[in-house]
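Subject: Model for your files, with notes

Hello,

Here is the model I said I would pass on. My notes follow below it.

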Amino acid sequence: MAEKRITIRTTRFDPDKDKVPRLQSYDIPFSDDSMVVLDALNHIKAHVDGSLSYRWSCRMGICGSCGMMVNGVPKLTCSAFMRDYWPRSITVEPLQNFPIVRDLVIDMEDFMHKLKSIKPWIIRKQEYPLGAGEHRQTMDQIDEFRQFSECINCMLCYAACPVYGLNNEFLGPAATALARRYNLDSRDQGLKDRLPVLANSEGVWECSFVGECSVVCPKGVDPAKAIQQTKLDTTTRFVLPYGNREE
Amino acid sequence: MDFESYDVLVVGGGLAGIRAAIAAVDANPRLKIAMVSKVYPMRSHTVSAEGGAAAALRPEDSYENHAFDTIKGADYLADQDVVEAFVREAPIEVIQMEHWGCPWSRDPDGKISARPFGGMTTWRTCFAADKTGFHMLHTVFQTSLKYSQIHRHDEAFATKLLVEDSRCVGVVAIDMRSGRVQAITAKSVILATGGLGRVYAFTTNGNICTGDGMALAYRAGVGLKDMEMVQFHPTGLPFTGILITEAVRGEGGYLLNKDGERFLKRYIPNKMELGPRDIISRAMVTEFEAGRGFEGPHGKYMHLDVRHLGEDKIDAKLPFMRELGREFVGIDIVKDPIPVRPVMHYMMGGVDADISGATPIAGLYAAGECANVGLNGGNRLGSNSLSECLVFGAAAGRAAAERASSVGPVGANPVTALLADETRRIRSSFLDKKGGEERIGTIREEMQHDMDAGAGVFRTREGLEKLTRQLGALRDRFEKIKIEDSSRTFNTELTAALELDFMLEVSETIAYSALAREESRGAHARRDFPERDDAKWLKHTLAFRTDRAEPRLEYADVRITNFKPQARTY
Ligand SMILES: Cc1cc2nc3c(=O)[nH]c(=O)nc-3n(C[C@H](O)[C@H](O)[C@H](O)COP(=O)(O)OP(=O)(O)OC[C@H]3O[C@@H](n4cnc5c(N)ncnc54)[C@H](O)[C@@H]3O)c2cc1C
Ligand code: SF4
Ligand code: FES
């Protein structure tokens, strides 16, 4: 039987040479049913064109670095099986809504700043001394924030978010989910410190509740829910005297 | 000339590196710390760790037990003073992680829970479901964002250590975004660059695990210790090498051969699935050779069966395993057995460092998987290495801070010349190289294949000698590589070439160290020398770089305190 083949089109863009991104086509063997889109890129880089640039590491859906648009949909390429596309061709582009650094590599510095701005660490009025041992926390208390702690910072939700696409000042899905992760943690007392960022005009109020973020999230995080819950927080907390826990 | 100066420079943004950076700030908040990482820190391979972190926290446990399990697991090649210090610090570090927000799974009373793990005689592996490394890494990374003293250089690739008068004063790094080659200087430098799994074809390690820090130190004249000790994990998914955590067996999973038999009863009847990794991996390969494995499109495999645990327990304790089964194998582990086979997983060997992470070069420290502080010996027990990253990351951070608080600043003079040399090397050997014909990808694949064949679960003299010749030939071909990418911006072909260069070098230290050790100990199993030989080989190997491919091997005594070497039976 003739070897199965597949056509992969990928974005090429080198700011040293190119004014605008273009698509380049590669025809490669589709030799194993277990192959994912990332395997195709790796085949191209190793055997056809060493200059193709993209990020990846774990190839097990946990490091968050391999997000790209696959036939127009934000995906982790290490978990996107070619058999789901074949015999159609596959077009791989950088995540949309982000500036392109090179080929399939996006600029995600904006998120790194947003992440820091929501103070993603445990804030306490008084540090609990190490010698006192651990805080007690039940599995039910963990369940309160668990899903929001599972964010791998893959940026698929930002690529799917129409609001972020129009205005990248918007704090956006993952950063809001992570703020929520800390606000809901029974060990944390930092809600008040995080509210200003969450409540300002580029914060959660920008969200028009399209919910695309939660659809594309590969880790079952529901950032749309985080945003809705945070809207509630920012209203009630400003009206009522701060009802923060352990105060 | 480009350069930036700091007090402490950490190369690596994984668990060990970030823990070191925070410890350095805590030791002296006036210090300016740099953290250089070739990927955004949260992409570091710590993120993939699943099972848990060991710490003797529970009342029924003791430091002595944890120490003994570790030393026995190491087949007595561990330095016992280091192990004893480690077991005392590990619980403190696990609590520290809790205070920083790590979502450790809990017991009903709200305390940090623990699960059984291979080679551990009691429940001491603390876990955050089966995404422990992911949660630990994101917790320390997010916590590190509150320290304004830590200056990150994300996506900066270190190519060389700056060493002057046997004192380390910084690194040369390529800023991937701009392509700029720059010097970053510091009074102390900590290597925390992780493992080298990518020298093998079939590995649980991510693309970034290429042994860079080990090669950097080796080139600077530091010995690489016990490089023959490479851990093969019994349960990797065929084809991808994705790890199925030992916690699956800890929670009660069975390993079955093609006759549906729990074959471990022939090899390690008292421990069965909870035996140490080296022994189980050898048992699996032996079963394969006896024709009792399954045959699949990607080679032989066994079944790992958790169906009897039930959906509720699987969802509570092993949700990520169910997700991996569904995503990557197309099975539901609640209903189907998981295909698994031994896979290269962890490097016990590494940069020769002492209990505080100090290497023989003044100002240079190492921590985490890239280091060998003497903890893991011949075989690391699962869940000891996340704790190792915390304990020895923190120790190295403190020691580096102490040094940085007392020594004078780094002068510009030598740095300028060293930077110019390194910039020239990168240009002439890589970017501006003309007439090359060898593909990086081809040489890398051949190296990985040769390493799998020659330095795998079982080794022989013939196999290792052949491997050294193959690696030598690959090194010659590497001189003729071609680099198609001439861009300055995010040139991942250049970094792939630099990584391959590092990998060829550390592979050679593995092959030669393994060839020399004529005994079987821990993960190093020689078919031609099947017994452990304490009289001759109760010692650490140290490989030093020479002008030739072949390293110079020296040996150092193992420090024994309270646990006299005995036969390692389970
Ligand atoms: C799949 C898997 C599961 C595991 N599960 C467990 C477990 O359950 N329990 C356990 O205890 N251990 C486990 N381990 C082992 C453990 O996760 C690792 O040993 C540990 O996380 C290594 O951490 P590290 O900080 O040393 O390195 P890493 O996390 O790998 O970080 C290395 C860092 O160095 C940087 N770096 C490397 N080279 C350069 C360079 N040239 N220039 C700049 N930066 C560089 C990288 O960018 C990265 O930030 C597991 C390992 C794997 C692969
Ligand atoms: S919320 Fe989901 S989609 Fe968004 S960054 Fe996190 S893991 Fe990715
Ligand atoms: S390579 Fe890590 S998530 Fe895909």
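Two strands are taken as paired if DSSP finds at least two bridges between them. With that in hand, F544(B) stands opposite R552(B) in strand β21 of chain B. Please keep in mind throughout that this is a predicted model. For chain B the average pLDDT is 96, and 100% of the residues score at least 70. The model as a whole has an ipTM of 0.95 and a pTM of 0.97.

Strand β20 of chain B

F544(B) faces R552(B) across one of two pairings that involve β20(B). Six bridges join β20(B) to β21 (residues 552-557), and these two strands run antiparallel. A further two bridges connect β20(B) with β9 (residues 224-225) of chain B, again in antiparallel fashion. In that second pairing L224(B) is opposite A543(B). Is β20(B) enclosed or open to its surroundings? Five of the six residues in this strand, which covers 539-544, are buried, so the rest of the structure largely encloses it.

The sheet in chain A

Chain A has nine helices and seven strands. Five strands of chain A make an open sheet with mixed pairing, in the order β2-β1-β5-β3-β4. The edges are taken by β2 (22-29) and β4 (73-76), each of which has a single partner strand, so one side of each has no neighbour in the sheet. From one strand to the next, the twist averages 35°. At the β4(A) edge, four bridges join β4(A) to β3 (residues 67-70), and the two run antiparallel. Within this pairing M68(A) is opposite K75(A). Helix α1 of chain A, residues 37-48, packs on the sheet and touches β1 (5-12), β2, β3 and β5 (90-93). The direction of α1(A) makes about 90° with that of β2(A).

Some overall values for chain A: its C-alpha atoms fill a box of roughly 70 × 40 × 30 Å along the principal axes. Of its 247 residues, 57% count as buried. Among contacts between residues at least 6 apart in sequence, 66% join residues at least 24 apart.

Backbone points to check in chain A

Most residues other than glycine have a negative phi, and most peptide bonds are trans. Three places in the loops of chain A are worth opening with that in mind.

- The peptide bond from W86(A) to P87(A) is cis, with omega near 5°. P87(A) belongs to the loop between β4 and β5 of chain A.
- R59(A) has a positive phi, near 40°. This residue is in the loop between α1 and β3 of chain A. Its relative accessible area is 13%; the cut-off for buried is under 20%, so R59(A) counts as buried.
- K119(A) also has a positive phi, near 50°. It lies in the loop between α2 (109-117) and α3 (139-145) of chain A. With a relative accessible area of 30%, K119(A) is partly exposed.

Aromatic rings

Over all chains, the structure holds 14 aromatic pairs. One of them is formed by Y200(B) and F232(B), whose ring centres are 5.7 Å apart and whose planes meet at 90°, so the pair is edge-to-face. Which parts of chain B does this pair tie together? Y200(B) comes from the loop between β8 (181-191) and α5 (212-219), while F232(B) is in strand β10 (residues 230-236), so the pair ties together parts that are 32 residues apart in sequence. Both Y200(B) and F232(B) are buried.

In chain A, ring pairs link F98(A), F111(A), Y158(A) and Y164(A) into a cluster.

Two rings in chain B have a charged group over them. The charged end of K72(B) sits over the ring of Y570(B), at 4.2 Å from the ring centre. Likewise, the charged end of R380(B) sits over the ring of Y346(B), at 4.0 Å from its centre.

Regards

Key:
Residues are numbered from 1 along each chain as its sequence is written. Chains are lettered from A and ligands numbered from 1 in the order in which they are written. This is a predicted model: local features need pLDDT of at least 70, side-chain atom pairs count only at pLDDT 80 or more; totals for chains, interfaces and linings use all residues. Side-chain values use heavy atoms; hydrogens and water are left out. pLDDT is the predictor's confidence in each residue, from 0 to 100. Rings of Phe, Tyr and Trp (its six-membered ring) pair if their centres lie within 6.5 Å; planes under 30 degrees apart count as stacked, over 60 as edge-to-face and the rest as tilted. Buried means under 20% relative accessible area, exposed over 50%, partly exposed in between (1.4 Å probe, protein chains only). A charge sits over a ring if NZ of Lys or CZ of Arg is within 6 Å of the ring centre and within 35 degrees of the ring normal. Axes are lines fitted to C-alpha atoms, for helices over the stretch in contact, and angles run from 0 to 180 degrees between N-to-C directions. Contact means heavy atoms within 4.5 Å.
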